[in-house]
Amino acid sequence: MKIVVTVKQVPDPNSPQRLDADNTIARDGDVVLDPGDACGVEIGLRLKEAHGGEVVLVSMGPERAREAIRKALSMGADRAVLVTDPALEGADVNTTARALAAAIGSESPDLVVCATESYDGSTGMVPPMLAEVLGLPQLTFANHVEVNGSTVSVHRQTEDGYQVVEAPMPALVAVTAGIAEPRYASLRGIMAARNKEVRTVGVADLGLEVPAPAETVEGVEDAPSRQQGEIVEDDGASGVERIMALLQAAKVI
Amino acid sequence: MYFSDAHQELRLHIRRFLEREVVPHLEEWEQTTFPDSIIKRFGELGFLGLRYPIEYGGQGGDYFSAVVLSEEMARAHCGGLGMAVAVHTEMATPPVLRFGTEEQKRRFLVPAIRGDEIAAIAMTEPDAGSDLAGMRTTARREAGHYILNGRKIFITNGARCGWCLVVARSDPAAGHQGFSLFLVPRDTPGFHVTRTLKKLGMHSSDTAELLFEDCRVPADFRLGPEGEGWKELMWELQGERLIAACGQIAGAQAVFEYAMQYAKDRIAFGQPIASFQVIKHRLVDMANRIAAVRALVYETCARWDAGEYPVREISQCKLLSAQVAVEVADDAIQILGGHGYMSEFPVERAWRDARLARIGAGTDEIMKEIIAKTYGL
Ligand SMILES: Cc1cc2nc3c(=O)[nH]c(=O)nc-3n(C[C@H](O)[C@H](O)[C@H](O)COP(=O)(O)OP(=O)(O)OC[C@H]3O[C@@H](n4cnc5c(N)ncnc54)[C@H](O)[C@@H]3O)c2cc1C
């Protein structure tokens, strides 16, 4: 079974997040493998361990994204494709999905595993768009994945439980961050990752045209800080009624 | 300079593992000692064989990968568990790799690296600690076997080991040339754990008193040639002291960082206590001593890794790191005041744990004796 896992390098969640002047995310500080993608890699590796095959990473980003890719290779993925091109700088979700789809398409995988959303952009739109462009069924919000023969089935997390959803492969699965704790890489794994193939491809290799962004971020403002609420003094008489009235007005009870 | 990005990547994985699977249990293990299953887990993750050859289940790394493990254990205040792992990976198993036959490596090293068998090393006796040449345990040769008789004391992992590397006299008349090393499986008849000992610190680790009573060990389990035991033991002690130094310095660094943060946060007389010159300078003194000794430790590790045998510097590392660790822990308690004396703050345990450093693996006094000898004094 050939499994593609999409991975992304993101600003370190433990350092303060910044935007560049054009309102795109600043990527020059400390960077890490997206913690959600590490879960995707873990799922890919478990499926490979259970069913055999190969785990191929596909990433889009600057040359520097090799560092994040190598972290995922240390965990045990077999090889990687990095889509990198100056023309893709500041790509919106549409362009991102098309670029990833072009790279993934040429791998003809049985299964594509994505995280539900990236840590930095958090649009959550790339996996569904990717599935659309690739023409694959998509199983989203998966917190459990199983492969039986040529069928993949997932537990699709809902507010009050989960749905069991299945699709014929090839298919795309978007996993939740809680699905599995990423494994600890061994020193052997870390050393081996240094010799694994990371192929870079550009826009021309993929035969891609990069349209002008359909969407740009025009402004960013801090969320309004919370206003002070109403303080109800307990005067021993009407305090409780007043609070009940407020809660009812707010439709909380 | 000494650590590659592969070491740093390994460091982050070890750190996350310790945070998730070890640190939450440390307080409990101080009461109960750690469970054997955690050693098995270390083995599964490859942490017991970081610098051992891949053919024996190791990870094929260099000495600094073992340093990373030791530093991270110390940074997480692992105390007794850190000591137990160091005894296993840096004291009991290195002689098997270096002096063992192929069969001995398969029989003893491989399960130790996997974490299936915990290893111990027994040299100290009730009447022979610093003066190791006074060891009285005997190994009498008899029909394809050695018969071991004698007592060993203060043996880390002794009560839970799968096998123990025992130093004994195979020829009582031959002085230093009369010692040999033996690999003794725990289930060998005549291998008794007479008791485990209560102690000041390192509570998560067990320390045992052992009795060998007509304990028959196959001659094949003698490690290295007969009569070479003393030389082999001296080599073992170098590695033991160097890894102890790495752990002590990393532990001191963690304690320093804790005390510094506390001093910045703690308000007295209207200001953070770190702003009082006495405290500020005390912190600086702590940092300086750590930095200086760490530089010597890393340089010495690099020489050891390159195959040199720098006895003077290893002894200096062991002596200075032990002193710094104890002093820094004591300073930290002073900075924390009453809180520092309370068990719910980590410096109390660090102080108790660190005190061992000036005794175990050779006392301060013995380190000075060795250093003196290298100067022809
Ligand atoms: C928690 C713990 C774990 C241990 N684990 C192990 C283990 O796993 N395996 C093992 O074999 N051993 C182990 N030991 C033993 C340890 O290595 C010895 O305790 C240590 O070497 C000191 O020996 P001793 O206790 O007999 O002290 P002694 O040798 O009796 O020393 C007493 C004092 O006399 C001083 N002294 C002795 N000779 C001289 C001299 N020539 N000049 C000046 N001063 C001198 C010493 O420095 C010390 O201050 C452990 C000890 C402890 C406390």
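This passage describes the surroundings of the ligand and the contact between chains A and B in a predicted model.

The ligand is surrounded by 15 residues, and the closest of these are B:T124, B:S130, B:F154, B:T363 and B:E365. By class, nine of the shell residues are nonpolar, five are polar and one is charged. Three elements of chain B, namely β1 (119–122), β3 (145–156) and α13 (364–374), each contribute at least two residues to this shell, and the largest share, three residues, is supplied by β3(B). Because domain 2 (119–227) and domain 3 (231–374) of chain B both give residues to the shell, the ligand lies between them.

Polar atoms of several of the closest residues approach the ligand. A backbone N or O atom of B:F154 is placed 2.7 Å from a nitrogen atom of the ligand, whereas B:T363 and B:E365 present side chains: a polar side-chain atom of B:T363 lies 2.6 Å from a ligand oxygen atom, and a polar side-chain atom of B:E365 lies 2.7 Å from an oxygen atom of the ligand. Of the 970 Å² that the ligand exposes when taken alone, the protein buries 65%.

The contact between the two chains involves 14 residues from chain A and 17 residues from chain B. About 1400 Å² is buried between chain A and chain B, and carbon and sulfur atoms account for 56% of that area. On the chain A side, the residues that lose the most area to chain B are A:Y184, A:L187 and A:R188, which together make up 52% of what that side buries.

Note on methods
Residues numbered from 1 in each chain as written. Chains lettered and ligands numbered in written order. Predicted model: local features only at pLDDT ≥ 70, side-chain atom pairs only at ≥ 80, totals over all residues. Heavy atoms only, no water. Near = heavy atom within 4 Å. Polar contact = N/O pair within 3.5 Å; in protein donor to acceptor, adjacent residues only side chain to side chain. Areas by Shrake-Rupley, 256 points an atom, 1.4 Å probe, with all protein chains shown as cover. Helix = DSSP H or I, 4+ residues; strand = E, 2+ residues; numbered from the N terminus. Nonpolar A, V, L, I, M, F, W, Y, C, P; charged D, E, K, R; others polar. Domains from an automatic or database assignment. Contact = heavy atoms within 4.5 Å. Buried area = accessible area lost by both parts, 1.4 Å probe.
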